[in-house]
Amino acid sequence: MSEKVLMKGNEAIAEAAIKCGCRHFFGYPITPQTELSEYLAKKMPKVGGLCLQAESEVAAINMTMGAAASGVRVITSSSSPGISLKSEGISYIAGCDLPCVIINIQRGGPGLGGIQPSQADYYQATRGVGHGDLRLLVFAPSSVQEMAQLTIEAFDLADIYRMPAMILADGALGQMMEPVDFGAIPQRELPAKDWAACGHDNKRKKNIVNSLYIDPQELENIVDQRYERYAKIEETEARCEEYLTDDADIVLVSFGITARVCKTAIGAARAEGIKVGMIRPITLWPFPKKAIHAAACSAKAMLSVEMSKGQMIDDVRLAANGQCPVEFYGRTGGMIPTPDAVLEKIRAMQAQL
Amino acid sequence: MTTAMLFAGFGGQGILFSGKQMAKSAMYAGKNVSWLPSYGPEMRGGAANCSVIISDEEVGSPLVTAPDILVAMNLPSFDKFEASVKSGGYLIVDSSLINKKSQRTDVQICYIPATALASENHIEGMANVIVLGQLLKRTGLFDYDTFLADMLRGIPESKAALIEKNKTALALGYNYNA
């Protein structure tokens with residue numbers, strides 16, 4: 001029988017990684033994700049795994065690439081400035097078609113920024129985490145339970161599609177404790193890693209893991225093939241939670257910890273008779289375009305709520321495609337929006353309907 | 001029903017531990033809970049606090065800005081959060097470290113010299129648990145025996161010496177007539 005345990009979000013990710021067979025961690029400490037590496041430093045040796053603190057984020061991501069190339073499950077974690085350092089390696093990993101899981105427990109930016117929670121790496125995760133035509137699977141948990149579940153999901157989908165997956169969380173989710181039920185982990189049929197460079201004992205043709213293609217036609221072909229996979233992912237893997245959207249005049253779009261602030265605000269607004277609901281993207285790439293487009297067609301207005309100056313709102317507007325106006329409310333720099341402030345914005349929008 | 005709590009003091013008092021015990025007991029009782037610490041410069045000394053929410057509903061924002069229960073264990077915390085306590089809520093004050101009285105008339109206020117009680121009873125460092133004892137009595141949030149059992153559940157055998165100290169501290173706090 002499974003029992004709920006009280007854990008920090010950072011620890012829940014670490015435990016989930018172990019539970020789904022990951023035995024390799026490479027990282028470099030940074031607030032507010034440090035408990036993740038701390039937990040793995042304690043636990044990995046006990047399960048025969050490796051937890052290695054590299055000399056830098058750049059080293060850690062390249063170790064991650066090496067481990068992934070050998071076919072093992074591997075995870076690396078950091079927070080915003082550290083992910084910027086890792087971005088070159090992430091591009092190489094995508095270019096080599098390697099699966100791995102990258103954790104970003106976001107903090108305020110840009111630059112060294114601050115250490116309080118933020119969602120301002122949305123563009124980075126969904127647009128520009130490295131050079132070249134590439135995508136990452138991006139998951140946005142909004143509870144400690146989801147930190148665990150989506151980590152397992154990220155490993156599976158990374159293996160299935162042979163690409164890096166990212167958990168885009170924030171300092172609040174990383175630091176807070178909530179009950180987690182690891183329960184039974186769903187077992188998926190996963191493809192064999194027959195591409196791995198893990199020694200062939202002269203019994204098979206050697207495997208080569210590489211992202212360098214000098215011939216432009218060859219490189220275009222390879223990128224095209226990768227984009228066919230991306231298209232399939234956009235078709236099948238977009239996920240979101242719809243909350244009270246059926247009769248909603250105003251639909252909020254919000255992810256992660258901010259979506260919880262919105263839920264509290266929605267409860268208060270509903271008590272005042274305002275018909276408001278929310279779509280919470282669980283995957284940021286692929287973005288749940290269909291659900292948001294459908295909501296834009298039935299609602300009178302939408303509101304993107306983020307801990308940034310407004311980044312996801314671009315995707316919301318693209319998905320809404322002009323069907324209804326999309327407004328923005330956000331805080332940045334490490335400030336968490338209050339339910340009262342979101343409620344105030346909802347009231348102001350209601351007055352304009 | 002949702003109860004929002006804020007535990008505030010300085011680093012080393014066991015502020016985060018107190019909050020965690022409340023969250024654990026609530027979890028064992030089948031409630032939804034969240035525990036959110038202040039982190040960063042605070043954990044290197046100075047102010048520390050944590051938000052705890054216990055609810056029958058799904059927990060929304062984990063950040064407590066208007067607590068039903070405030071535990072203040074130093075003067076800066078008292079000054080910072082006194083006004084934020086919801087009307088009808090509880091304010092529990094370690095009066096050995098805070099020589100100030102609240103001007104609020106719409107909340108239940110309880111002064112307990114927890115740090116002094118800990119010293120007198122040779123359980124230095126247990127003021128946080130003493131306060132928890134008083135909190136239990138005042139609010140009736142959890143049954144005393146159940147809470148004690150939940151608290152002791154987390155203590156590994158290698159630290160058995162802590163069991164008696166925790167028992168003593170919780171009882172001291174519970175039985176203190178503020």
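In the predicted model, chain B contains six helices and six strands, and these elements succeed one another along the sequence in the pattern β-α-β-β-β-α-β-β-α-α-α-α. The C-alpha trace of chain B extends about 40 × 40 × 35 Å along its principal axes. For a chain of 178 residues, a compact globule would be expected to have a radius of gyration near 16 Å, and the 15 Å computed for chain B therefore agrees with that expectation. Of the 178 residues in chain B, 48% are classed as buried. When the contacts in chain B with a separation of 6 or more are considered, 56% of them are accounted for by residues that lie 24 or more positions apart.

Chain A, by contrast, was examined at the level of its domains. The chain is divided into domain 1, which covers residues 5–236, and domain 2, which covers residues 241–352. The centres of domain 1 and domain 2 of chain A, taken over C-alpha atoms, are separated by 28 Å. To the contact between them, domain 1 of chain A contributes 27 residues and domain 2 of chain A contributes 22 residues. On the side of domain 1 of chain A that touches domain 2 of chain A, at least two residues each are supplied by helix 5 (122–126), strand 6 (137–139), strand 7 (164–170), helix 7 (171–175) and helix 8 (216–236) of chain A. Helix 5 of chain A provides the largest share of this side, with four residues. By residue class, the side of domain 1 of chain A that touches domain 2 of chain A comprises 16 nonpolar, seven polar and four charged residues.

The two chains also meet each other, with 16 residues of chain B in contact with 19 residues of chain A. On the side of chain B that touches chain A, the elements giving two or more residues are helix 1 (15–28) and strand 2 (32–37) of chain B, and strand 2 of chain B gives the most, with five residues. The residues on this side of chain B divide into nine nonpolar, five polar and two charged. The contacts between the chains are described here by residue counts, although the size of an interface is often given as the accessible area lost when the parts come together.

How values were computed
Residues are numbered from 1 along each chain as its sequence is written. Chains are lettered from A and ligands numbered from 1 in the order in which they are written. This is a predicted model: local features need pLDDT of at least 70, side-chain atom pairs count only at pLDDT 80 or more; totals for chains, interfaces and linings use all residues. The radius of gyration is taken over C-alpha atoms; the globule rule is 2.2 Å times the number of residues to the power 0.38. A residue is buried if 20 or more other C-beta atoms lie within 10 Å of its own, exposed if 12 or fewer, and partly exposed in between; C-beta atoms are placed from the backbone. Two residues are in contact if their C-beta atoms, placed from the backbone, lie within 7 Å. Domain bounds come from an automatic or database domain assignment. Ala, Val, Leu, Ile, Met, Phe, Trp, Tyr, Cys and Pro count as nonpolar, Asp, Glu, Lys and Arg as charged, and the others, Gly among them, as polar.
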